[in-house]
Amino acid sequence: MRSWIPLWLLACAGCGGGSTSAVDAAPGADGGSADYPYTLSPTAPGFEVSWRSGTLDCTMSAAQMAASDAAAVTVGASTIYVGWKQVAGNNQDPFIARVDDGTVTWCIAAEAQAPDGRAYGVVWDGDATLYAVYSTDGGGSALDGHGGWLPAYGTIGSGGGPKVAVIAKHDPATGAIQRATFVPSQLASSGKVNTLAPRALTVIAGGAVEFLGEPAFTPLNPDRSRMCVPDSEYPRGYRVRFPADLGTPSCADTETCSLVTTPCAP
């Protein structure tokens, strides 16, 4: 499998840890590839961004974390890592850790329940604002129940199995999840959860959180309505902007679908 280096990380002054491994990572995570309609907005000053799907777990020392392929952002003497590991047979769990002055300050599993979870990226300002991006293929995990726009895997319908994105806001002092929203698509026929893979995330000017994803039919408007007409339209890309608390988005759009209610300004 090929490995892509996100152009938005190469172009972003001060972005930390910015390459993408070949492990389940979205190509062209800047959104600027020829077949993807959106380019990620510039990162707000003071924030560091890393996008990579690599290995991390809480048995690792600080030196092992530094040598791993996990996503990592460094501010001063502090580094935040996010990654995932195959555990307990077939299960995959995502992890997030903080290292200060070469010592692991904390490390937690973002979820360690039955669903498979992976970690993709991290955004941090070196202070109180820390976001991480995960995926999961089911509900009933520690990612559920933290408020946000869609606070659980099954918020828009039943069904486990399709991989969807999760954006979590963490406490940088402890790693605890403060807020989280799921970002799924929805099946037209049954209203069940459908696939939406993460592609990129950043914090933009004003503090909004911008997410890019790869949706199956059909992504959602901020009011949770469907963006696409069944049997005649299929989405191309997905862009959504959340407030800092990951509540109801201010805008969301996809190309080729006609039911977009609140498109994002360029």
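Start by selecting Arg118 and Trp84: in this predicted model, Arg118 lies over the face of Trp84, at 4.0 Å from the ring centre. Then pick Arg199 and Tyr36 for another arrangement of this kind. Arg199 lies over the face of Tyr36, and here the distance to the ring centre is 3.7 Å.

**Stop: the aromatic pairs**

Keep the rings displayed. The count of aromatic pairs comes to 4. One of them is Tyr153 with Phe182: the ring centres are 6.4 Å apart and the planes stand at 90 degrees, so this pair is edge-to-face. Now colour the chain by position and find both partners. Tyr153 sits in the loop between β7 (130-136) and β8 (164-170), while Phe182 belongs to strand β9 (residues 177-183). The pair links distant parts of the chain, with the two positions 29 residues apart in sequence terms.

Are Tyr153 and Phe182 buried or exposed? Switch on a surface and look. Tyr153 is buried, its relative accessible area being 4%. Phe182 is buried as well, with a value of 1%.

**Stop: an open sheet**

Next, show the cartoon and select residues 71-75, which make up β2. β2 belongs to an open sheet of 4 strands in the order β2-β3-β4-β5, with antiparallel pairing. Which strands stand at the edges of this sheet? They are β2 and β5 (103-109), each of which has a single partner strand, so one side of each is left without a neighbour in the sheet. If you look along the strands, neighbouring ones are turned by 20 degrees against each other on average, direction ignored.

Zoom in on the pairing of β2 with strand β3 (residues 78-87). The two run in the antiparallel sense and are joined over 5 bridges. For a landmark, select Ala72 and look across to β3, where Tyr81 stands opposite.

**Stop: strand β14 and its partners**

Now select residues 236-242, which are strand β14. Of its 7 residues, 6 are buried, so β14 is largely enclosed by the rest of the structure. Colour its two partners separately. Strand β13 (residues 209-215) pairs with β14 in the antiparallel sense over 5 bridges, and strand β15 (residues 251-255) pairs with β14 in the antiparallel sense over 4 bridges.

Two residue pairs help you to line the strands up. Between β13 and β14, Glu210 has Arg241 as its bridge partner. Between β14 and β15, Val240 has Ala252 as its bridge partner.

**Stop: the loop between β13 and β14**

Follow the chain out of β13 and display the backbone of Phe217 and Thr218. A cis peptide bond joins these two residues, with omega at about -10 degrees. Thr218 is found in the loop between β13 and β14.

Stay with Phe217 and add the side chain of Asn194. A polar atom of that side chain lies 2.5 Å from the backbone oxygen of Phe217. Asn194 is part of strand β11 (residues 193-194) and is buried, with a relative accessible area of 12%. Which residues does Asn194 touch, not counting residues up to four places away in sequence? Among them are Pro162, Val164, Pro184, Leu187, Ala216 and Phe217.

Then move along the loop to Asp231, which also lies between β13 and β14. Phi of Asp231 is near 70 degrees, a positive value in a residue other than glycine. With the surface on, you will find that Asp231 counts as exposed, because its relative accessibility is 86%.

**Last stop: after β15**

Finish in the segment after β15, where Thr256 lies. Phi of Thr256 is near 80 degrees, again a positive value in a residue other than glycine.

Further on in this segment, select Thr262. Thr262 is partly exposed, with a relative accessible area of 29%. Draw a C-alpha to C-alpha distance from Thr262 to Ser250: the two are 7.7 Å apart in space and 12 residues apart in sequence. Leaving aside neighbours within four places in sequence, the contacts of Thr262 are Asn221, Pro222, Ser250, Cys251 and Ala252. You have already met Ala252, as the bridge partner of Val240. To end the tour, show the side chains of Thr262 and Thr261, which are joined by a polar contact of 3.2 Å.

Technical notes:
Residues are numbered from 1 along each chain as its sequence is written. Side-chain values use heavy atoms; hydrogens and water are left out. Buried means under 20% relative accessible area, exposed over 50%, partly exposed in between (1.4 Å probe, protein chains only). Two strands pair if DSSP finds at least two bridges between them. Contact means heavy atoms within 4.5 Å. A polar contact is a pair of N or O atoms within 3.5 Å; within protein, one must be able to donate a hydrogen and the other to accept it, and residues adjacent in sequence count only if both atoms are side-chain atoms. Rings of Phe, Tyr and Trp (its six-membered ring) pair if their centres lie within 6.5 Å; planes under 30 degrees apart count as stacked, over 60 as edge-to-face and the rest as tilted. A charge sits over a ring if NZ of Lys or CZ of Arg is within 6 Å of the ring centre and within 35 degrees of the ring normal. Axes are lines fitted to C-alpha atoms, for helices over the stretch in contact, and angles run from 0 to 180 degrees between N-to-C directions.
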